[in-house]
Protein chains: 2
Amino acid sequence: MSRAEQLREVFTECGISAALAVVGERWSFLILRGAFNGLRHFEEFQTNLGIARNILSNRLGRLVEHGILRRDPDAADRRKVTYRLTEKGRDLLPVLLSLRQWGERWISGHPSNPVLVDRYTRQPIAPMIVQSADGRPLSLRDMEWVDRADLDREVNAA
Amino acid sequence: MSRAEQLREVFTECGISAALAVVGERWSFLILRGAFNGLRHFEEFQTNLGIARNILSNRLGRLVEHGILRRDPDAADRRKVTYRLTEKGRDLLPVLLSLRQWGERWISGHPSNPVLVDRYTRQPIAPMIVQSADGRPLSLRDMEWVDRADLDREVNAA
DNA sequence: TCCTTTCGGTTGCGATATGCAACCTAATAC
DNA sequence: GTATTAGGTTGCATATCGCAACCGAAAGGA
């Protein structure tokens, strides 16, 4: 495989483009943030986010299709529909939090409300950081991008 | 402030919407991924990402405007322009990595290439996780959203 | 010197996505 | 019954996107 083909593969097969294809639209992250904060119903999302109803309808549908939200009828009131995060959706929390922390630090300049705290110690959670396999914090200087095939060869050589 | 106003504030003042206003467009993350992987020039981004030239031009301009990329003329070849990540841009790495890891786990189903490794141990970096202030991993069950004002009251009460 | 290629764009145009407002159906509340 | 609520859908105007063609300045080659 040529260098060019290799790079091309990198960018099409990448987990980032895969993820963005599913949650990359303008409102998706804000809807998910709402879900993490306890929003459950169509009208709640609509009034709190200020999103257009047709777009909200479309996004909720996509998120359900992709298994990120679950759509259940409300047993008590048959008009109502409940949207909840699935495990796949809950697993987006690190993405949401690192995005939020970045926005707080570099754009809005102040911490947002509400705060996510450790339920027992009542301390806000730590900033999201990149860590080594054994848990040391890593800065960009400590890391390197390696082609998977080359890495395998390194391992075999050792 | 009423409950409704409070919620409304939550969603407009949030770090996530602040961040998305800057890097929320369709191609922004992929351009940043390119930059993290060493892409520097307009043509490199264009051919590797397969993005339309006018959109690329527009996105690079926005990222520069917002101080996420720096745009420098190339001393050796005056036709060329070099785009590099600033500190603000480099600080988006946790967002990129958690998004990528989620995409690998839940969408593409396999690790992407190239791998980001610890330069010294040659081990791939750890999955991004949410941690307490003192470094314990936290699951959603261990956390709670708290209004900042309430949290301050708790602290004063203790 | 002239000719070609490269680099980093811009322009025009059609396709797509988005936002707003009005409308709709089923279910509940009064 | 009538009004209201919940969760949408429909039409229409506008904004954004992607493609292809074009452009000017700089570099490379004969």
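**View 1. Ile125(A) and its neighbours in the predicted model.** With 18 C-beta neighbours inside 10 Å, Ile125(A) counts as partly exposed (20 or more other C-beta atoms within 10 Å would make a residue buried, 12 or fewer exposed, and partly exposed lies in between, with C-beta atoms placed from the backbone). Look for Ile125(A) in the loop between strand 3 (115–118) and strand 4 (143–146) of chain A; strands are DSSP runs of E, at least two residues, and helices are runs of H or I, at least four, numbered from the N terminus. Beyond residues up to four places away in sequence, the contacts of Ile125(A) include Leu116(A), Val117(A), Val130(B) and Met143(B) (C-beta atoms, placed from the backbone, within 7 Å).

**View 2. The surface near DNA strand D.** Of the 20 residues around the strand, His41(A), Phe42(A), Asn54(A), Ala52(B) and Arg78(B) come nearest (near: C-beta atom, placed from the backbone, within 6 Å). Two or more residues each come from helix 4 (42–49) and helix 5 (53–65) of chain A and from helix 5 (53–65) of chain B. Helix 5 of chain A gives the most, with four residues.

**View 3. How the two copies are related.** A turn of 180° and a shift of 0.0 Å along the axis lay chain B on chain A with an RMSD of 0.1 Å, superposed by least squares on C-alpha atoms of residues with pLDDT of at least 70 in both. The copies are thus related as by a two-fold rotation axis. Val95(B) comes closest to that axis of the residues of chain B, at 2.8 Å (C-alpha).

**Notes.** Residues are numbered from 1 along each chain as its sequence is written, while chains are lettered from A and ligands numbered from 1 in the order in which they are written. In this predicted model, local features need pLDDT of at least 70 and side-chain atom pairs count only at pLDDT 80 or more, whereas totals for chains, interfaces and linings use all residues.

Notes
Two residues are in contact if their C-beta atoms, placed from the backbone, lie within 7 Å.
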